[in-house]
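Work through the following exercises with the sequence and the model open beside the text. Each task is followed by a solution that proceeds in steps.

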Amino acid sequence: MTVEQAAELTLTPVRSGVGVSVPRPDGTLKVSGRYAYSSDLWAADMLWGATLRSPHPSARIRSIDVGSARAMQGVHAVLTHNDVPGRRTYGVERPDQPVLAWDVVRYQGEPVALVAADHPETARRAVAAIVVDYEPLEPLCDGDAAIARGARKLRENDNEVHRVRIRHGDVESAAGLADVVVSGEYEIGMQDQAFLGPESGLAVPAGDGGLDLYVATQWLHVDRDQVAASLALPHDLIRMTNAGVGGAFGGREDLSVQIHAGLLALATQRAVKMVYSREESFFGHVHRHPAKLRYEHGATREGDLLYVRASIVLDGGAYASTSAQVCVAAASFACGPYVVPSAAVDCVAVYTNNPPCGAMRGFGAVQVCFAYESQMDRLAAALDLDPVALRRRNAMAEGSVTPTGQVVRQPAPVNELLERLRARPLPLAPPTGGRDPRELPGGVSNTTHGEGIRRGVGYAVGWKNIGFSGGLDDYSTARVRVSAAAGEPLVEVHTAACEVGQGGITVQAQIARTVIGIEHVVVLAADTGVGNAGSSSASRQTWLTGGAVEAACRAVGEELLGRAADRHGLDPRDLRLRDGGVASADGSVVATLAELLDEPAEATREYRPRRTTPLDENGQGDVTMAFAFSAHRAVVDVDVELGLVRLVEVATATDVGKALNPQSVEGQIEGATAQGVGLAVMEEIQTVGSRIRNPSFTDYLIPTILDAPAMPSEILELPQPDAPFGINGVGESGIVSSGPAVMAALRMATGRALERMPVRPHELAGATAAGGASA
C-alpha cells in the first residue's frame with residue numbers, strides 16, 4: 001500500500017506524517033539526560049536484588065551453603081534452585097537454561113543463587129557470603145572440538161544445537177566445468193552488543209497474587225510466557241511493561257533479570273530492583289556467535305560463478321538461545337546476493353562451555369558475508385578481474401532463484417547499489433606534510449607523521465532476511481482509539497512493540513497521522529495489555545507493527561465515517577476525515593469530530609505478512625519473508641609499520657523500500673555501519689579456557705567519535721510489494737557488509753590475506769609496499 005492509498009480516508013494535509021523527518025519524542029529527553037531508563041526505576045520500600053554467579057566455565061556443584069548470607073542484617077531473602085516454584089529452565093526457543101543452576105554450571109557467570117536486601121551493598125556482601133562447593137571440570141572451548149569424534153558430551157545426545165544442509169543444483173558436475181577454483185578458511189570473533197544501558201528491572205508483587213514487571217526487553221510476550229512458567233502463575237497474572245531501554249541489538253531477546261526479580265519479589269512481598277554492573281552485563285546476556293567458515297568457489301574464466309561449497313561452524317556457547325535460527329539464517333545467506341547455479345552448504349551450531357550466544361544485529365548474515373565477500377575478492381584476483389565488476393557480473397536481481405530455491409519477488413538492486421558506490425568520488429588524498437595527527441593512524445598518540453601510511457579501498461555487498469523466517473507465525477497487533485480530549489481529537493496508539501532506540505514510537509505516530517489525518521497522536525507504553533507484537537528484532541517492527549497500526553487506524557476511520565453517514569443520511573464512501581471533522585469529497589464539512597466522538601472509536605487489528613515455509617531436508621523452501629540489500633565502500637589508511645588503522649570513509653548504499661522517517665533511516669544505517677566497522681578492527685570478547693578476559697569497556701573496545709569515519713549514505717526507495725507504504729526493514733542491513741568492506745580495504749592496503757575478523761595490529765604490521773597506494 002502506498003502513502004497515497006493509506007491516506008485516502010483523509011483530506012487533511014498532515015504536517016508530521018509518513019515521509020517526514022519528525023523529531024523523536026524521546027530524543028530531547030535522552031540527549032539532555034532526563035530520560036528515565038529501566039535502571040532509574042524506583043518504588044517505595046523496595047529491596048535490591050543481586051546474583052551469585054559461577055566463577056567456573058564448567059563444574060559440578062557439590063553443595064550450596066546460604067546460612068551465613070541469610071543471617072546477615074538487612075537480608076530479606078536468599079534463593080536457590082529449590083525455591084523456583086515452576087519450571088526450572090527457560091529459553092527463548094527451547095527451555096534448556098536453568099533459572100538457577102543446581103547440579104552443574106556450563107559457563108562462567110551462570111547464576112547459582114539470588115539475594116534480596118535493603119541496600120545494594122548489603123546484597124553484594126550477602127552474595128559473597130554464599131559458599132558453593134564446586135568440582136571444576138575441563139571446559140570444552142572450541143566449536144570444531146565440540147563436534148570432533150570423542151568430544152565430551154555437554155548434552156545427553158551430542159553437542160549439536162542445530163544443523164542445516166542446503167543442496168542446490170549439481171555441485172559435482174559444476175566443479176568439473178570450473179576454470180578457476182579458490183578456497184579459504186575464515187574466522188569471526190565473538191562480538192558484544194555493547195549497549196550502554198545495563199540489564200535492569202523492577203518487579204512489584206500485586207494484590208491479586210500476580211506480578212507487575214518493568215524491564216528493558218525486546219519481546220514482552222515471550223518474556224511473560226517464560227516468567228509465568230517458572231513462577232507457576234497464569235499468564236494473566238504476569239503484567240509486563242517495557243521500561244526505558246538503553247540499547248538492545250539482539251542482546252535483550254533472552255531473559256536476564258525477569259525471573260530472578262520476580263522470584264525475589266514474590267518471596268519477600270516487596271518490590272525488588274535489579275541492575276547489573278557493566279562486568280556482570282558481559283556475563284548476563286548472549287553475544288554474537290563466533291564462527292569458522294570454510295569456502296570453495298568455482299567459476300568460468302570469464303568470471304561466471306558455477307558453484308559454492310561452504311562448511312560453517314557456529315559456536316553457540318553453553319545454551320541454545322536462538323542458535324537454531326541463526327544457523328538457518330547463516331546457511332540461507334551463505335552464498336551471498338549472487339546467482340549461484342549450484343551450492344552445497346553445511347552449517348552447524350554447537351554447544352560449548354563458552355558464553356552463550358544468540359541474537360545480535362545481523363543474525364548469522366554478518367558471519368557469512370565476511371567469508372563470501374573475501375572469496376569474491378580472492379576470485380577476482382585469481383581471474384585478474386576488477387572486484388566490483390565480478391560482483392556486478394554475478395549480481396542477483398528480481399526473479400533470481402536463491403540457493404534455497406526461493407524466487408526473489410521484490411527489487412534486488414545489487415547492481416545499482418554497487419554502481420552508485422563506484423560512482424561516488426573517493427576522498428582526496430591528504431597533503432604530504434603538516435597533517436593533523438587526528439587524520440593519521442594512531443591519532444593524537446602521534447605515532448607517525450605520515451611515513452609508512454598506505455591507503456586501501458574495498459567494496460562489499462550483503463543481504464539479509466526481514467522478519468521471522470522458516471515458517472514461524474509472524475504477526476503484530478495494534479489497538480487505536482480516537483476520543484475527544486478537551487474538545488480536540490486525540491489518537492491513542494497501543495502496541496506491545498518494544499522501543500529499543502530504533503524510533504518505533506515515532507513511526508507509529510506518523511502512520512496514525514497519515515491514515516486518520518489527526519495531528520495529536522499519543523503512543524502508549526508498550527505492555528502485555530495488548531496483543532503480541534513480536535520481537536523488536538529481524539528489522540520487522542516498522543513493517544509488521546506499522547501494518548497493524550495502519551489497519552487499526554483505517555478501521556477507526558471507517559467507523560467515524562460510518563457514524564457521520566448514519567447521522568446525516570449520506571454514503572460513507574463519499575466522505576473523508578479532516579482534522580476536526582468529516583467532510584464530503586468537495587471539502588464541505590459534514591460533522592465535527594466532537595459531534596461524532598460522544599463515544600470513543602476504537603479498533604484492534606492484527607497484521608500478518610505472507611507466510612514462509614521451513615527448509616526441507618535438502619535446505620529448500622520459501623524460507624524468507626523479504627530481503628534487505630546493502631553495499632559499502634571503505635577507504636582506510638594503514639600504518640604498515642605499527643599495524644594501526646584510520647577509517648577515512650565508509651560509504652553506504654541501501655534499498656529501504658520507503659523512508660517513513662528519512663533522518664531515522666540514516667541513523668539506523670550509520671549506527672549499523674559503525675557496529676560493523678567495530679567488528680572489523682577492534683570489537684571482540686576474548687576468552688581463554690572459556691573465561692572472558694575483557695568484561696569491561698576499558699578492555700572491550702568500541703568505536704568512539706574519534707574512530708568513526710565519514711559515512712555518506714545513498715538511499716534507494718524501491719517499494720516492497722505488499723508491504724505497508726512499500727517499506728522495507730533497515731535496522732540491520734548496514735552491519736552486514738560494512739565490516740567485510742573494511743577488511744577488503746585493509747587487504748588492498750597491506751597485501752595480506754586477512755582471513756580473521758576482527759583484524760589485529762600484528763596481522764597488519766610489517767606489510768610491504770606491495771599493498772595499496774601511499775597516503
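**Exercise 1: a three-stranded sheet**

Task: Determine how strand 22 is joined to strand 23 (residues 581-584), and then describe the sheet around them.

Solution: Four bridges join strand 22 to strand 23, and the two run antiparallel; strands here are DSSP runs (E, at least two residues), as helices are (H or I, at least four), numbered from the N terminus, and two strands count as paired if DSSP finds at least two bridges between them. Before going further, note that this is a predicted model, in which local features need pLDDT of at least 70 and side-chain atom pairs count only at pLDDT 80 or more, while totals for chains, interfaces and linings use all residues. Residues are numbered from 1 along each chain as its sequence is written, and side-chain values use heavy atoms, with hydrogens and water left out.

Within this pairing, arginine 576 stands opposite alanine 583 of strand 23. The next step is the whole sheet, which is open, has three strands in the order 22-23-24, and is antiparallel in its pairing. Its edges are strand 22 (575-578) and strand 24 (589-592), each of which pairs on one side only. From one strand to the next the twist averages 25°, with axes fitted as lines to C-alpha atoms, for helices over the stretch in contact, and angles running from 0 to 180 degrees between N-to-C directions. Finally, helix 15 (residues 541-568) packs on the sheet and touches strand 22, strand 23 and strand 24, its direction making about 120° with that of strand 22; contact means heavy atoms within 4.5 Å.

**Exercise 2: a six-stranded sheet**

Task: State which strands stand at the edges of the sheet with the order 9-17-16-15-10-31.

Solution: This open sheet has six strands and mixed pairing. Strand 9 (160-168) and strand 31 (756-757) are the edge strands, each with a single partner, so one side of each has no neighbour in the sheet. Further in, strand 10 (residues 180-188) and strand 15 (residues 291-299) run antiparallel and are joined by nine bridges, with valine 182 opposite histidine 297 of strand 15. Helix 11 (residues 365-383) packs on the sheet, touching strand 10, strand 15, strand 16 (305-315) and strand 31, and its direction makes about 145° with that of strand 10.

Following strand 31 onward, one reaches the loop between that strand and helix 20 (761-764), where proline 758 is placed; the peptide bond from methionine 757 to proline 758 is cis, with omega near 5°.

**Exercise 3: domain 1 against domain 2**

Task: Characterise the interface of domain 1 and domain 2 by its residues in contact, buried area and polar contacts.

Solution: The domain assignment, automatic or from a database, gives domain 1 as 3-34 + 475-607 and domain 2 as 38-137 + 198-245 + 252-284, among others. In contact are 16 residues of domain 1 and 13 of domain 2. Together the two domains bury about 1100 Å², 54% of it on carbon and sulfur atoms, where buried area is the accessible area (1.4 Å probe) lost on putting two parts together, summed over both. Cys498, Thr528 and Ser535 supply 42% of the area that domain 1 buries against domain 2, more than any other three residues. Seven residue pairs, both members at pLDDT 80 or more, are in polar contact across the interface; this requires N or O atoms within 3.5 Å, one able to donate a hydrogen and the other to accept it within protein, and residues adjacent in sequence count only if both atoms are side-chain atoms.
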